[in-house]
Amino acid sequence: MSGSSTVNAMKKVVQQLRFEASINRVKVSQAAAELQQFCLQNAHQDPLLTGVSSSTNPFRPQKVCSFL
Amino acid sequence: MANEGLRDNETLSSLKNESETLKSKLEEERAKLHDVELHQVADRVDALGQFVMKTRRTLKGHGNKVLCMDWCKDKRRLVSSSQDGKVIVWDAFTTNKEHAVTMPCTWVMACAYAPSGCAIACGGLDNKCSVYPLTFDKNENMAAKKKSVAMHTNYLSACSFTNSDMQILTASGDGTCALWDVESGQLLQSFHGHAADVLCLDLAPSETGNTFVSGGCDKKAMVWDLRSGQCIQSFETHDSDINSVRYYPSGDAFASASDDATVSTSICLPILTLLLFMCSPYTVGRLLFTGYNDYTINVWDVLKGTRVSILFGHENRVSTLRVSPDGTAFCSGSWDHTLRVRGFLMYVNIGLLRGIPVTYRGIRPYMGIVGPIPNDSDSGFRIYFRSSVNLFPLEK
């Protein structure tokens, strides 16, 4: 009984591995180039990189401080 | 009987052989495709300049460690959950608490905001994920409207709505992930494959398909097909528990962070190993934010593989981090019971001095030194000020 359940478990493992082996893969150089292109294309839309003017920044401080 | 045993043994050993062969074939193929490192490809890209992010709001109110947080799509509200069993919905602009719910359990490890902004989901040691509709009617008791959606056999570690309020994806200490229908509480799909607790999950950006990635205590990061329940790929590149996974905005890659102190960026097909040190990441295109046990947050340049900034301010371990939906700010939650919302420094006057401690009335300066920032010719130190919400405006 326990023998056949181990066999079933192994069958599942092998099935999964066969599936993963059949996946189409690309080279890192290609994937990295696509990632880089995405980054650079979207950089101008990224507020953390380009900044947001104080008047539109919702998190700007609410009042001005005074100094000693 | 004896014959069956023999047959089982033969089958078992041939299966084991096949599995070993397939595994080494997989490794070989991945190694072949790994022809270059990401930072080599990005060699000609300009390095990022100086980077200072100031704490804009500190959200105080939790009585114990903040474990999880999520932004609302309106970019202003957020929900946070804590070890003390409380789940709070905040308006990050005003720091007001708009809703608060006490869960029947402690260690609320997961919380999520519904895409419509009309509900939140949370869970933890109660092994469930519950949905609370948000109502502004003072007479209604939020806890009374609670709907139990997910049921696991161990703690809930992560939850997320899919593109609508109708479905929730959960990850649990019972080693599985599951997709549930909110209205009926019905299990739509379950995801089996992790050999230990699943600690985190992240859905792929909706435009790129129906997949999600999960990370677990078995050191594996697994990519799943939401509809079929099939594991599409699994990655075993870490040496310890994977605490956090996040899809890259393009949907083609994801980052995983582990207790083994590394962050890996895995492009969904081949594998790339990048950087060092970690707890939980969030990506916005070029930048990767990671929070640590040493109370800091590091900001990395994804393309160059270098650290751009270190942010201080929390007084205990950083447990959760998310960038706001429009990218104007990010929020970190910590075991110091607070959440901090940070944006970038807009004006240069206050606080950018070289190594000189300055005292201003009403503001306690926090001496955090950021730098030396790599790839930058200016090697001076900068002082990073923390401005706590208690100190604005100054008392007359």
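Which residue in S8(B) does B:Ile120 stand opposite? Select B:Ile120 and look across: its partner in S8(B) is B:Tyr132.

Before moving on, a word on what is loaded: this is a predicted model, in which local features need pLDDT of at least 70, side-chain atom pairs count only at pLDDT 80 or more, and totals for chains, interfaces and linings use all residues. Residues are numbered from 1 along each chain as its sequence is written, chains are lettered from A and ligands numbered from 1 in the order in which they are written, and side-chain values use heavy atoms, leaving out hydrogens and water.

**The sheet in chain B**

Now show S7 (residues 119–123) and S8 (residues 128–133) of chain B, antiparallel strands joined by 4 bridges. Strands here are DSSP runs of E with at least two residues, helices are runs of H or I with at least four, and both are numbered from the N terminus; two strands pair if DSSP finds at least two bridges between them. Widen the selection to the open sheet of 4 strands, S6-S7-S8-S9, with antiparallel pairing. At its edges sit S6 (110–113) and S9 (147–151) of chain B, each pairing on one side only.

**The second largest pocket**

Next, select A:Gln16, A:Leu17, A:Glu20, B:Lys220 and B:Ser234, which lie nearest the centre of the second largest pocket, among 25 lining residues. A pocket is an open set of points on a 1 Å grid over the protein atoms alone where a 1.4 Å probe fits, with protein on both sides within 12 Å along at least five of seven lines; lining residues have an atom within 4 Å of a point. Colour H1 (2–21) of chain A, plus H1 (2–33) and S17 (231–235) of chain B: each supplies at least two lining residues. H1(A) gives the largest share, 8 residues.
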